[in-house]
Amino acid sequence: LLATRVYIVAAWFVASLLAVLLFWYILNRVILKPVRRLRDTADKVEQGDYTVRASIETGDDFESLGDSFNRMLDEIQRTSGQLRSMNESLDLKVAELAEANIGLYESNRLKSEFLANVSHELKTPLNSIIGFAELLNEQAQSEEAPNPKQVRYLANIIESGRRLLEMISELLEMAKIEAGRVEVSIAPVDVGELL
C-alpha cells in the first residue's frame with residue numbers, strides 16, 4: 001500500500017512537472033516568442049530602421065498583428081520617401097526664390113539709381129523751358145497790345161512746366177528715399193500751407 005502511494009505521488013509529481021514544462025513551452029512558443037519579435041521590431045523602428053519587418057508565423061492573431069505592423073511600416077517608409085522628396089523640392093524652390101529675391105533687390109536698386117539720374121537730367125532742360133517761357137511771357141505782356149491767346153498759351157506752358165518740375169522733384173525725392181540718400185534739414189514750416 002505504501003509503495004502504491006509512493007508510485008501515485010511520484011506519478012503525480014512527474015505528471016505535474018511535465019504539465020508545467022508543457023505549459024511553459026506552449027506559453028513561450030505561442031505567446032511570448034511572437035511578442036518578443038514584435039517588441040524587437042518596434043525597438044529597431046524606434047532607432048530609425050524602417051526596413052526591418054516582423055516575421056511571425058504562428059497562424060493566429062499574432063501573425064495577423066505582425067502583418068498589420070509590416071503594412072504600417074511599408075506605409076511609413078513610403079510616406080517618408082514622399083516627404084523626403086518634397087523637402088528636397090522645397091529646398092530647391094527656396095534656393096530659387098532666394099536667387100530671385102537677390103535679383104529683385106538688385107533691380108530695385110538699379111531702378112532707384114536710374115530714377116535719381118533721370119530726374120536730375122530732366123530738371124535741367126525743364127528749368128530752361130520754364131525760364132524761356134517766362135521771358136517770352138514778360139515780352140508779350142510788355143507789348144502795347146499783347147495777344148491774349150499768346151499770353152494765355154505762355155501762362156499754360158509755365159504752369160504745366162512748374163507742375164512737371166514739382167512732379168520730377170517729388171520723384172527725385174522718392175528715389176533718394178528708396179536709395180537711402182535722404183538728407184534731413186530742419187527748418188521752420190507753415191503748418192497751414194503744409195495742410
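How many helices and how many strands does the secondary structure of the chain come to? The chain has 4 helices and 0 strands. Keep in mind as we go that you are looking at a predicted model. Read from the N terminus on, the elements follow one another as α-α-α-α.

Let's begin with the overall outline. Along its principal axes, the C-alpha trace of the chain spans about 165 × 35 × 25 Å. The radius of gyration gives another view of this outline: the chain has 48 Å, while a compact globule of 195 residues would have a value near 16 Å. Burial can be looked at across the whole chain too, and 14% of the 195 residues count as buried. As for contacts, take those in the chain with a separation of 6 or more: residues 24 or more positions apart account for 58% of them.

Now let's turn to two of the helices, α1 and α2. The axes of α1 and α2 come within 10 Å and cross at roughly 10 degrees. Angles under 35 degrees count as roughly parallel, and α1 and α2 are therefore roughly parallel to each other. On the α1 side, the contact is made by Val 30, Ile 31, Pro 34, Val 35, Leu 38, Thr 41, Ala 42 and Val 45. On the α2 side, Phe 62, Leu 65, Gly 66, Phe 69 and Leu 73 take part. What kinds of residues are these, nonpolar, polar or charged? The contact of α1 with α2 divides into 11 nonpolar residues, 2 polar ones and no charged ones.

From here we can step to the largest nonpolar core. It has 7 residues in all, namely Leu 38, Val 45, Val 52, Ala 54, Ile 56, Phe 69 and Leu 73. Helix α1, which covers 2-46, and helix α2, which covers 61-142, each supply at least two residues of this core. As general background, nonpolar side chains in soluble globular proteins tend to be buried together.

Two members of the core are worth a visit, starting with Phe 69. Phe 69 lies in helix α2. Why does Phe 69 count as buried? Its relative accessibility is 18%, and buried means under 20%. Leaving aside neighbours within four places in sequence, Phe 69 is in contact with Leu 38, Thr 41, Ala 42 and Ala 54. Arg 163 offers a contrast in distance: Phe 69 and Arg 163 are 94 residues apart in sequence and 79 Å apart in space, C-alpha to C-alpha. The other core member to visit is Leu 73, and here again residues up to four places away in sequence are not counted. Leu 73 touches Thr 41, Val 45, Tyr 50, Val 52 and Arg 53.

Asn 70 also has its place in helix α2. With 13% relative accessibility, Asn 70 counts as buried. Which residues does Asn 70 touch, not counting those up to four places away in sequence? They are Arg 53 and Ala 54.

Let's follow helix α2 to some other residues. Ser 85 lies in this helix, and at 41% relative accessibility Ser 85 counts as partly exposed. The C-alpha atoms of Ser 85 and Ile 31 are separated by 40 Å, with their positions 54 residues apart along the chain. Glu 99 is in helix α2 as well. Is Glu 99 buried or exposed? Glu 99 is exposed, since its relative accessible area is 60% and the cut-off for exposed is over 50%. Glu 99 and Gly 48 are 51 residues apart along the chain, and their C-alpha atoms are separated by 35 Å.

Finally, let's go back to helix α1, where Ala 3 lies. Ala 3 is partly exposed, with a relative accessible area of 45%. How many Å separate Ala 3 and Val 191 in space, C-alpha to C-alpha? They are 129 Å apart, and 188 residues apart in sequence.

Methods
Residues numbered from 1 in each chain as written. Predicted model: local features only at pLDDT ≥ 70, side-chain atom pairs only at ≥ 80, totals over all residues. Heavy atoms only, no water. Core = buried A, V, L, I, M, F, W, Y, C linked by side-chain atoms within 4.5 Å. Buried < 20%, exposed > 50% of the residue type's maximum accessible area, 1.4 Å probe, protein only. Contact = heavy atoms within 4.5 Å. Axes fitted to C-alpha atoms, helices over the stretch in contact; angles between N-to-C directions. Parallel < 35°, antiparallel > 145°, perpendicular 65-115°, else oblique. Nonpolar A, V, L, I, M, F, W, Y, C, P; charged D, E, K, R; others polar. Rg over C-alpha atoms; globule rule 2.2 N^0.38 Å.
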